[in-house]
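Reader: I should like to understand how the descriptive terms for this structure are justified. Please show the structure before we begin.

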Amino acid sequence: SRDFIERVRTMSRNGLALYEFLSEHPAVETVFHSITDESGIYDHLLKADGGHGCLISFVLKDKAKSAAVYDAMEFCKGPSLGTNFTLVCPYTLLAHYDELDLAESCGVDRHLFRVSVGLEPAEVIIERMKRTLDA
């Protein structure tokens, strides 16, 4: 825990880099990251020298490919947040398996990927994601 602050800063920088990559990728329909929040909630919570964190969610344009894309991702799979390594999970499927229609009626796409960005170098994370999305 002695280096927690620096680890969080690194994951936050990596999260921003992945957000920027995903936002411009032609296979991605929507990316969710706290930096895009316009309500002011995140700005109110930011600490000096803080960042927007490591959590990103996104949806593909071709939702029919979501399962294949998830399987091809070169990241650990799991429903956690804040590990030292990047994790990906099919969030809605995991959290709302028996109520996918309800989740979608509330605006949560059943094909939503959640990424908890880790400490790997940003270029490694982006290259892995690029290989998957470009395939």
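Reader: Why is Tyr70 called buried?

Author: Buried means under 20% relative accessible area, exposed over 50% and partly exposed in between, with a 1.4 Å probe and protein chains only. Tyr70 has a relative accessible area of 16%, so the residue counts as buried. As to the source, this is a predicted model, in which local features need pLDDT of at least 70, side-chain atom pairs count only at pLDDT 80 or more, and totals for chains, interfaces and linings use all residues. Residues are numbered from 1 along each chain as its sequence is written, and side-chain values use heavy atoms, with hydrogens and water left out.

Reader: What makes the pair of Tyr70 and Phe113 stacked?

Author: Rings of Phe, Tyr and Trp (its six-membered ring) pair if their centres lie within 6.5 Å; planes under 30 degrees apart count as stacked, over 60 as edge-to-face and the rest as tilted. The centres of Tyr70 and Phe113 are 6.2 Å apart and the planes stand at 15°, so the pair is stacked.

Reader: Why is the aromatic pair of Phe58 and Phe113 called tilted?

Author: The centres lie 5.1 Å apart, with 35° between the planes, and an angle that is neither under 30 nor over 60 degrees counts as tilted. Ring pairs link Phe58, Tyr70 and Phe113 into a cluster.

Reader: How do you know that the charged end of Lys77 sits over the ring of Tyr70?

Author: The criterion is NZ of Lys or CZ of Arg within 6 Å of the ring centre and within 35 degrees of the ring normal. The charged end of Lys77 is 4.9 Å from the centre of the Tyr70 ring and sits over that ring.
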